[in-house]
Amino acid sequence: MRIVLQRVDHASCTVDGKITGQIGKGYMLLVGFTNGDDLSKVQKAAKKIAGLRIFEDDNHKMNLNLETVKGSILSISQFTLYANTNEGNRPSFVEALNPIEAKKLYELFNIELRKYGFVVEEGIFGAHMDIDLLNSGPVTIIYEF
């Protein structure tokens, strides 16, 4: 499981001209799955993200978590996080989990995040999505579970 997390001032996902998810301050997550990923990895990832402290306090130190700043999450499925670019000019995606299993884990991941009390907006799994965001900082963190 790979996650690219960006601290944002706002983010939205649009599919076919319609906004499917939209947040103000919070995290925009690109989430990808591979073979061997399971519920335990999903739970570990959600717990790690829930406790992450990357918002600045009054002393300009990254000490505040998402709950403290009353932030939200935009979660986007992203199989291309498992692109293999070692050979040729066209990436291979054989390391990405099959769509049926990946969709189940993606849905479970979002459920786990909501258990921490967060508003979690989503894209549409498997759709062509247009993502708009303002990365704050910029702060971008890559997780691998």
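Trainee: Which residues does N135 touch, not counting residues up to four places away in sequence?
Mentor: This is a predicted model in which local features need pLDDT of at least 70 and side-chain atom pairs count only at pLDDT 80 or more, while totals for chains, interfaces and linings use all residues. Residues are numbered from 1 along each chain as its sequence is written, and side-chain values use heavy atoms, with hydrogens and water left out. N135 lies in strand β8; strands (E, at least two residues) and helices (H or I, at least four) are DSSP runs numbered from the N terminus. With contact meaning heavy atoms within 4.5 Å, N135 touches Q6, R7, V8 and T140.

Trainee: The side chain of which residue forms a polar contact with the side chain of N135?
Mentor: A polar contact is a pair of N or O atoms within 3.5 Å; within protein, one must be able to donate a hydrogen and the other to accept it, and residues adjacent in sequence count only if both atoms are side-chain atoms. The N135 side chain reaches the backbone nitrogen of V139 at 2.9 Å. Its side-chain partner, at 3.1 Å, is T140.

Trainee: Which residues touch the most other members of the largest nonpolar core?
Mentor: A nonpolar core is a set of buried (under 20% relative accessible area) Ala, Val, Leu, Ile, Met, Phe, Trp, Tyr and Cys residues joined through side-chain atoms within 4.5 Å. The largest one has 29 residues, and the elements that each supply at least two of them include β1 (2-15) and β3 (26-32). Beyond its neighbours within four places in sequence, F109 is in contact with residues including M1, I3 and L29. The members that touch the most others are M1, I3, Y27, L29, F33, I49 and F109.

Trainee: Is T80 buried or exposed, and what is its relative accessible area?
Mentor: T80 is in the loop between β6 (72-77) and α2 (99-115), and a 2.4 Å polar contact joins its side chain to that of Q78. Exposed means over 50%, and partly exposed lies between this and the buried limit (1.4 Å probe, protein chains only). T80 is therefore partly exposed, because its relative accessible area is 32%.

Trainee: Which element gives the largest share of the lining of the largest pocket?
Mentor: On a 1 Å grid over the protein atoms alone, a pocket is an open set of points where a 1.4 Å probe fits, with protein on both sides within 12 Å along at least five of seven lines; lining residues have an atom within 4 Å of a point. Of the 18 lining residues, those closest to the centre are S77, Q78, F79, T80 and G126. Elements giving two or more residues are β3, β6 and α2. The largest share, three residues, comes from β3.
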